[in-house]
Amino acid sequence: MRVAFHTLGCKVNQYETEAMKEAFVSRGAEIVGEDEPADVYVVNTCTVTNIADRKSRQYIRRMKGVNPDAFVVVTGCYAQVEAEEVSSLPEVDLVIGNGLKSTICDEVFARLEGNATDAVKVLERSELNYYDDMGLVASSESGMTRAYIKIQEGCDRFCAYCLIPFARGTVRSRSPEEIIEEANMLLDSGYKELVLTGINTALYGTEEDFDWERLPGEEGLKPIEMIISRLDSIDKDFRIRLSSLEPTVVDKDDVESIIKYDKLCHHLHLSVQSGSSRVLKSMNRRYSQEDYLDIVRAIREYDPIYGITTDIIVGFSGETEENFGESLKVVREAGFGKVHVFRYSKRKGTVGERLPDEVPGDVKNRRAEILSSIADETAKEFMLKNIGTRHRVLIEEKLTIDDREYFVGYTGNYIRTYIECGDNDIIGTFVEAELCGLMEDGCLAKI
């Protein structure tokens, strides 16, 4: 059996795709590229925006087009919240919701062997209350240098614009023992960076029935810090990166406690979504502009060139020009290394769907362009602050640019780094390098 996958959306989806691949391989299947003829195509969808839904449908049609006789499985968040719509697509043979991804391999084999099963298997949100154990994942879509470890599932924040709590269910956390076991397995396989990821990573271990035994020295630690502490104590050469932290969950004191660990990269993705306290309240984000900037200031006091990246939504219902200006202020003051800019689109079933004063599309587009331009300026300023500084760079690939070959990787503070190739192959290793100039979307460096 030849099986192909396409993954949309977040790092959690990427991790879960790897788990599904390994399940098929364990049954003797061959994993092939998504543009190759396959017997089975699995589309792991996203529904964070209307655009994500549309892309999911496009890939479903595209993959069926590669082999019209193929068996097409659709899973992920779009499949979870719009199961009826997805199942009505003529290209789709099987719909599996979140919380059941661990069963996909068995379901496919059962169907192809002629055993009748339901064509749509989706749990209600109230049933998404357990951690779907997909086993230990020994590989990564990102190659052989960086690997994701899923530590948490679900969200209970219910931001006004977001469908994800409906798509992913309640907060539940993976056992610390399994996280550490998977980490050691990945490190033994040669991975040098472990990225801790979840639907809302900072909520790790916050559910009432979370069962974990504190080790000596862990008294007073929150569960997310406990996991970082245990990984930090592993006596191997690697680094830890957090996929994101939510200021809806962590505050200045929490971040100050977390960022001190030696193996933790000096980089945080800290979603702000808006710089306006009024808009943040309307979004149900549970913090103010000043609360957010307090976290940024604490990080910058610890390390002036600490990398901070973020997400910002423009054109949320009721956002005025003054409110938008406050978002620009936060971008300038925080000095983000990168900003992901999103135009707000109403999502059916969210609080935001019912809010008045919708912002016209042309205004959203204009604001997005302005914000993106300023974000590019701050990213350049951040990189310029790093010129002349030394960093440990994890080399991930080799690229040819203008007839010159470069080894390319990332610093701990998440600057893409280009080093002219020498005689040695250094892919998959750490090198000490000094950043010496701007280059493409990052910095030129020398060992």
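These are my notebook entries on what I looked up in this structure, which is a predicted model.

**Entry 1: overall form**

I began with the whole chain and found that the protein has 13 helices and 18 strands. I then looked up its extent, and the C-alpha atoms fill a box of roughly 65 × 60 × 55 Å when taken along the principal axes. For the radius of gyration I noted 22 Å, which agrees with the value near 22 Å that a compact globule of 447 residues would have. On burial, I wrote down that 56% of the 447 residues count as buried.

**Entry 2: two positions far apart**

I next picked Ile259, which lies in the loop between α9 and β11 (267-269). Is Ile259 buried or exposed? With a relative accessible area of 1%, Ile259 is buried, because the cut-off for that class is under 20%. I also looked up its separation from Ala119, a residue 140 positions away along the chain, and the C-alpha atoms of Ile259 and Ala119 are separated by 46 Å.

**Entry 3: salt bridges**

I turned to charge pairs, keeping in mind that side chains of opposite charge can pair when their charged atoms come close. How many salt bridges does the structure hold? I noted 43 salt bridges in the structure, and I followed several of them in turn.

One is the salt bridge between the side chains of Arg285 and Glu246, at 2.9 Å from N to O. This pair links distant parts of the chain, 39 residues apart, since Arg285 sits in the loop between α10 (277-282) and α11 (289-302), while Glu246 sits in the loop between β10 (239-242) and α9 (252-258). I checked the cover of both partners: Arg285 counts as buried at 2% relative accessibility, and Glu246 is buried as well, with a relative accessible area of 15%.

Another is the salt bridge in which the side chains of Glu290 and Arg297 meet, at 2.7 Å from N to O. Here I found Glu290 partly exposed at 39% relative accessibility, and Arg297 partly exposed with a relative accessible area of 35%.

I also looked up the salt bridge between Glu420 and Arg404, whose side chains meet at 3.2 Å, N to O. Glu420 lies in strand β16 (residues 416-420) and Arg404 in strand β15 (residues 404-410), so this pair ties together parts that are 16 residues apart in sequence. Glu420 counts as partly exposed at 42% relative accessibility, and Arg404 is partly exposed too, with a relative accessible area of 45%.

Beyond single pairs, I recorded a network in which salt bridges that share partners join Glu16, Lys101, Lys150, Glu153 and Arg168.

**Entry 4: surface patches**

Which residues gather in a patch of negative charge on the surface? I listed Glu177, Glu208, Asp209, Asp211 and Glu213 as its members. Among them, I looked more carefully at Glu177, which lies in helix α7 (residues 176-188) and counts as partly exposed at 47% relative accessibility.

I then looked up a nonpolar patch on the surface, formed by Leu384, Ile387 and Leu438, which together have about 230 Å² of accessible area. Of its members I placed Leu384, which lies in helix α13 (residues 361-386). At 43% relative accessibility, Leu384 counts as partly exposed, because that value falls between the 20% limit for buried and the 50% limit for exposed.

Terms used
Residues are numbered from 1 along each chain as its sequence is written. This is a predicted model: local features need pLDDT of at least 70, side-chain atom pairs count only at pLDDT 80 or more; totals for chains, interfaces and linings use all residues. Side-chain values use heavy atoms; hydrogens and water are left out. Patches are made of residues with over 30% relative accessible area and no salt bridge: like charges are joined within 9 Å, nonpolar side chains (Val, Leu, Ile, Met, Phe, Trp, Tyr) within 5 Å. Accessible areas come from the Shrake-Rupley method with a 1.4 Å probe; for residues, only the protein chains shown count as cover. A salt bridge is a side-chain nitrogen of Lys or Arg within 4 Å of a carboxyl oxygen of Asp or Glu. Lys and Arg count as positive and Asp and Glu as negative; His and the chain ends are not counted. The place of a charge is taken as NZ of Lys, CZ of Arg, CG of Asp or CD of Glu. Helices (H or I, at least four residues) and strands (E, at least two) are DSSP runs, numbered from the N terminus. Buried means under 20% relative accessible area, exposed over 50%, partly exposed in between (1.4 Å probe, protein chains only). The radius of gyration is taken over C-alpha atoms; the globule rule is 2.2 Å times the number of residues to the power 0.38.
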